[in-house]
Amino acid sequence: MSETKKKAAKAAKPAKATTTVKAVKSAEAQTTAKVAKVAEASQAAVAEAEPKPTTPAAAPRSSVRKTYKLYIGGAFPRSESGRSYAVTASSGEFIANAAQASRKDARDAVRAARAAQPGWSKATAYNRGQILYRIAEMLEERRDQFAQQIAGVEGVPSAAAYAQVDAAVDRWVWYAGWSDKLAQVLGSANPVAGPYWNVSSPEPTGVVALLAPAAPTLLGLTSVIAPAIVGGNAAVVVAPDASAVPAVTLGEVMATSDLPGGVVNILTGGTAELAPWLASHLDVNALDLAGAPAGSDLARDLEVAAAENLKRVVRPKAGYDWSADPGLGRIKPFLETKTVWHPIGI
């Protein structure tokens, strides 16, 4: 073999080895791909064979229709008479059942209010204001619920219902702000010609019976309850037929707002049935006729009954605008003025 052929043979050997390595690697890659495909196919077969979880079908539910109770002494009892009535929307659609309070329920409410009034009147004005503000907070949280109820019972558009809720919240805040200012505005240091000095300050009159107007339901309730209790009175409220739903819902707000039980008591039912018993009750000190039509026989009869034990009576004018600034006009009638004389130099 010539030298040239020997060199050519040496150069040809590495080329054959490289070709062999490449062929082996290619075979290994093909084998790996086949194994992966087989594994993937096996997993798919196992997945298909396994039972798939099924979503249970939603069971049909019965509608829960709420029966609204009374609100007496911080609790929600049924009427002792066992009576209830259907609250319907302005369109006639059923909304809920409400308790129809009786004379016995009215007496229980007055008793609860009388028991709670001393403690409430002794609370500091600052504390009473904080609690009224807390009612506004809780009312704001249930804004949607109240708006829905108002739209249902009054038949007003949703925007008007929300506006009424907002006005009610603002009114609770407004009266809360007055709590610790009443003594300064309605009290006085009086000039005396003698060796004395005396001061006058407002005091709560006691238990107040409130006849809430039929509309606006929530704003009307707020406008009669808040001015009565801000000065330290306890209240028994008669919510007429249609306003029973927002009235008792407002009671639920009060029950979770640190308001002592018995300070506000809410009776649902007919004003004409309940109001005469409250007007003639000897343990009721004042009466608000907002829910009795001005000039009606009912209003006149209630005033006559209230005169028997010299109750204070508030008579709103016909067409009273509940959205207007109430000023102090609904606070002062439920307050008395206490004057203290003190000698000088002794």
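**Loop after strand 6.** I began with Pro216, which sits in the loop between strand 6 (207-211) and helix 7 (217-229). The model is a predicted one. I checked the peptide bond joining Ala215 and Pro216 and found it cis, with omega at about -5°.

**Helix 5 against helix 7.** From that loop I went on to helix 7 and looked up its packing with helix 5 (residues 158-178). The two axes come within 9 Å and cross at roughly 5°. Angles under 35 degrees count as roughly parallel, so I entered helix 5 as roughly parallel to helix 7. On the helix 5 side I listed Gln164, Val165, Ala167, Ala168, Arg171, Trp172 and Tyr175 in the contact. On the helix 7 side I listed Thr217, Leu218, Leu219, Thr222, Ser223, Ile225, Ala226, Pro227 and Ile229. I sorted the residues of this contact by type: eleven are nonpolar, four polar and one charged.

**Nonpolar cores.** Which residues have the most contacts inside the largest nonpolar core? I found Trp172, Ile225, Ile229 and Leu250, in a core of 51 residues. Helix 7 gives the most to this core, with eight residues. I noted a second, separate core of 28 residues, which includes Leu70, Val110, Leu211 and Leu267. I then went back to Leu250 and looked up its neighbours, leaving aside residues up to four places away in sequence. Leu250 touches Leu139, Phe146, Trp172, Leu218, Leu221 and Ile225. Trp172 and Ile225 were already in my notes from the contact of helix 5 with helix 7.

**Positive phi.** I looked for residues other than glycine with a positive phi and wrote down two entries, Asp258 and Leu310. For Asp258, phi is about 70°. Asp258 lies in the loop between helix 8 (244-255) and strand 8 (264-268). Is Asp258 buried or exposed? Its relative accessibility is 59%, and the cut-off for exposed is over 50%, so I put Asp258 down as exposed. For Leu310, phi is near 60°. I placed Leu310 in the loop between helix 10 (297-307) and strand 10 (312-314). Leu310 has a relative accessible area of 76%, so I put this residue down as exposed too.

**Pro276.** I located this proline in helix 9 (residues 271-280). Its relative accessibility is 32%, so Pro276 counts as partly exposed. Not counting residues up to four places away in sequence, I found Pro276 touching Thr271 and Leu302. I also looked up the pair Pro276 and Glu303, which are 27 residues apart along the chain. Their C-alpha atoms are separated by 9.5 Å.

**Three-stranded sheet.** I turned last to an open sheet of three strands, in the order 1-3-2, with mixed pairing. Why is one side of strand 1 (67-68) and of strand 2 (84-88) left without a neighbour in the sheet? Both stand at the edges and each has a single partner strand, so one side of each has no neighbour there. I looked at the pairing of strand 1 with strand 3 (residues 94-99): the two run parallel and are joined by two bridges. I took Thr67 as the residue to follow, and its bridge partner in strand 3 is Asn97.

Technical notes:
Residues are numbered from 1 along each chain as its sequence is written. This is a predicted model: local features need pLDDT of at least 70, side-chain atom pairs count only at pLDDT 80 or more; totals for chains, interfaces and linings use all residues. Side-chain values use heavy atoms; hydrogens and water are left out. Helices (H or I, at least four residues) and strands (E, at least two) are DSSP runs, numbered from the N terminus. Buried means under 20% relative accessible area, exposed over 50%, partly exposed in between (1.4 Å probe, protein chains only). Axes are lines fitted to C-alpha atoms, for helices over the stretch in contact, and angles run from 0 to 180 degrees between N-to-C directions. Angles under 35 degrees count as roughly parallel, over 145 as roughly antiparallel, 65 to 115 as roughly perpendicular and the rest as oblique. Contact means heavy atoms within 4.5 Å. Ala, Val, Leu, Ile, Met, Phe, Trp, Tyr, Cys and Pro count as nonpolar, Asp, Glu, Lys and Arg as charged, and the others, Gly among them, as polar. A nonpolar core is a set of buried Ala, Val, Leu, Ile, Met, Phe, Trp, Tyr and Cys residues joined through side-chain atoms within 4.5 Å. Two strands pair if DSSP finds at least two bridges between them.
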